[in-house]
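Work through these exercises with the sequence and the structure side by side. Try each task before you read its solution.

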Amino acid sequence: MENRDSQPLTEAAYYILLALHEPRHGYGIMQTVREMSRERVNMGPGTLYGALKNMTEKGWIEPFGPESESRKKEYSITDEGRRIAAAELERLQELAAEGVKIILGSG
Amino acid sequence: MIMKRTKWFFDHEKEEKWLNEMGKDGWQLKKVKARRYTFERGKPGSHEYGMLLLDAVPALSRNSRSYIDFMESSGAEYVSRCFRWAYFRRETDQGPFRVYTDRDSLHSHYRRVAMMNGLIGVANVTIALSNLERGIEIGWVLSNAIVSLPFLWAAYLYVGKMRKAKKDEALYE
């Protein structure tokens, strides 16, 4: 398989993975992402639906709990998802560190 | 108070815009059937409207039903459906309501719309050509050819939207 660890995640994907460190349903994810980003990231339900479907297929997240078939379906992050989120965090830290050095000149 | 309007759109984003303008004037969408829109008098600007294209009509597709369920569980209200288009709305005080908020999902949404229109358009052209070949009355041939035009036009329009959505990708995630 192609190694995509170094591929940046979209902001929406990264926030969804963060939000799902605790099991949540669709509305809960949207609210959490909004709060985490201080209202900056307002994810549309169509975008979220597609992202959840994709991430489930990739095995980054999975349906959670007894309600997994109902409309209040909850999702939770998998070990693979945690690994992907951690790799993204590392990438972001590197980006930020280089920026601090060069832009802010505090090398 | 109820008002009915018949209107045809090639571009569903213009349709959404129109529905939202009607809503701001106090005409809230109740039902869409074969391009006929039913509005009900309500509070101006109480809701914002959004549309999405389902994979198939809900009666035939579990996926479409679960999509509608998901939209409802995310705080949107299912208003109506016309063919594969589903109409939703959300109260304005919950913030701006857009179904798709990133380039990727918008792009694949445009692609689905372009595909649907393209397929219907091409099917009609194919029927027209095969009828022409079989020597069927020219009126029938022409009617299929004419029916194909709006669909092909819509497909063209959406391919343009796909391009536009892709354009920024080299710079923005």
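**Exercise 1: A three-residue network**

E13(B) is partly exposed, because its relative accessibility is 29%. Keep in mind that this is a predicted model.

Task: Find which residues are linked with E13(B) in a network of salt bridges.

Solution.
Step 1. Start from the side chain of E13(B). It meets the side chain of K161(B) in a salt bridge, at 2.4 Å from N to O.
Step 2. Place both ends of this pair. K161(B) sits in helix α4 of chain B and E13(B) in helix α1 of chain B. They are 148 residues apart, so the pair links distant parts of the chain.
Step 3. Look for a second partner of K161(B). The side chain of D11(B) forms a salt bridge with K161(B), at 3.1 Å from N to O.
Step 4. Place this pair too. D11(B) is in the loop between β1 (2-6) and α1 (12-24) of chain B, while K161(B) belongs to helix α4 (residues 138-167), so the pair ties together parts that are 150 residues apart in sequence.
Step 5. Put the pieces together. D11(B), E13(B) and K161(B) form a network of salt bridges.

**Exercise 2: Buried or exposed?**

Task: Decide whether D11(B) counts as buried or exposed, and do the same for K161(B).

Solution.
Step 1. Recall the cut-off. A residue is buried when its relative accessible area is under 20%.
Step 2. Test D11(B). Its relative accessibility is 11%, so D11(B) counts as buried.
Step 3. Test K161(B). Its relative accessible area is 14%, so K161(B) is buried as well.
Step 4. Return to E13(B). At 29%, E13(B) is partly exposed.

**Exercise 3: Chain B as a whole**

Task: State how many helices and strands chain B has, and describe the chain as a whole.

Solution.
Step 1. Count the elements. Chain B holds four helices and six strands.
Step 2. Read them in order. The pattern along the sequence is β-α-β-β-β-α-β-β-α-α.
Step 3. Take the dimensions. The C-alpha trace of chain B spans about 60 × 50 × 30 Å along its principal axes.
Step 4. Check burial. Of the 173 residues in chain B, 42% are buried.
Step 5. Turn to the surface. Chain B has an accessible surface of about 10,100 Å², and 58% of it belongs to carbon and sulfur atoms.
Step 6. Finish with charge. Chain B has 29 positive and 21 negative charges, and their mean positions are 4 Å apart.

**Exercise 4: Helix α1 of chain A**

Task: Explain why helix α1 of chain A is described as largely enclosed by the rest of the structure.

Solution.
Step 1. Set the scene. Chain A has four helices and three strands. From the N terminus they run α-β-α-α-β-β-α.
Step 2. Count the buried residues. Helix α1 of chain A covers residues 11-19, and seven of its nine residues are buried, so the helix is largely enclosed by the rest of the structure.
Step 3. Name them. The buried residues are A12(A), A13(A), Y14(A), Y15(A), I16(A), L17(A) and A19(A).
Step 4. Find what they pack against. Their partners in chain A include α2 (26-36), α3 (45-58) and α4 (79-102). Strands β1 (24-25), β2 (61-64) and β3 (74-77) of chain A are also among them.
Step 5. Set this beside the chain total. Of the 107 residues of chain A, 36% count as buried.

**Exercise 5: Around H25(A)**

Task: Find which residues H25(A) is in contact with, leaving aside its neighbours within four places in sequence.

Solution.
Step 1. Locate the residue. H25(A) lies in strand β1 of chain A.
Step 2. List the contacts. With those neighbours set aside, H25(A) touches K72(A), K73(A) and E74(A).

**Exercise 6: Where the chains meet**

Task: Describe the interface of chain B and chain A, and state how many salt bridges cross it.

Solution.
Step 1. Count residues. At the interface, 22 residues of chain B are in contact with 21 residues of chain A.
Step 2. Give the area. The two chains bury about 1,700 Å² between them, with 51% of it on carbon and sulfur atoms.
Step 3. Count salt bridges. There are eleven over all chains, yet zero across this interface.

Note on methods
Residues numbered from 1 in each chain as written. Chains lettered and ligands numbered in written order. Predicted model: local features only at pLDDT ≥ 70, side-chain atom pairs only at ≥ 80, totals over all residues. Heavy atoms only, no water. Helix = DSSP H or I, 4+ residues; strand = E, 2+ residues; numbered from the N terminus. Buried < 20%, exposed > 50% of the residue type's maximum accessible area, 1.4 Å probe, protein only. Areas by Shrake-Rupley, 256 points an atom, 1.4 Å probe, with all protein chains shown as cover. Lys, Arg positive; Asp, Glu negative; His and termini not counted. Charge placed at Lys NZ, Arg CZ, Asp CG, Glu CD. Contact = heavy atoms within 4.5 Å. Buried area = accessible area lost by both parts, 1.4 Å probe. Salt bridge = Lys/Arg side-chain N within 4 Å of Asp/Glu carboxyl O.
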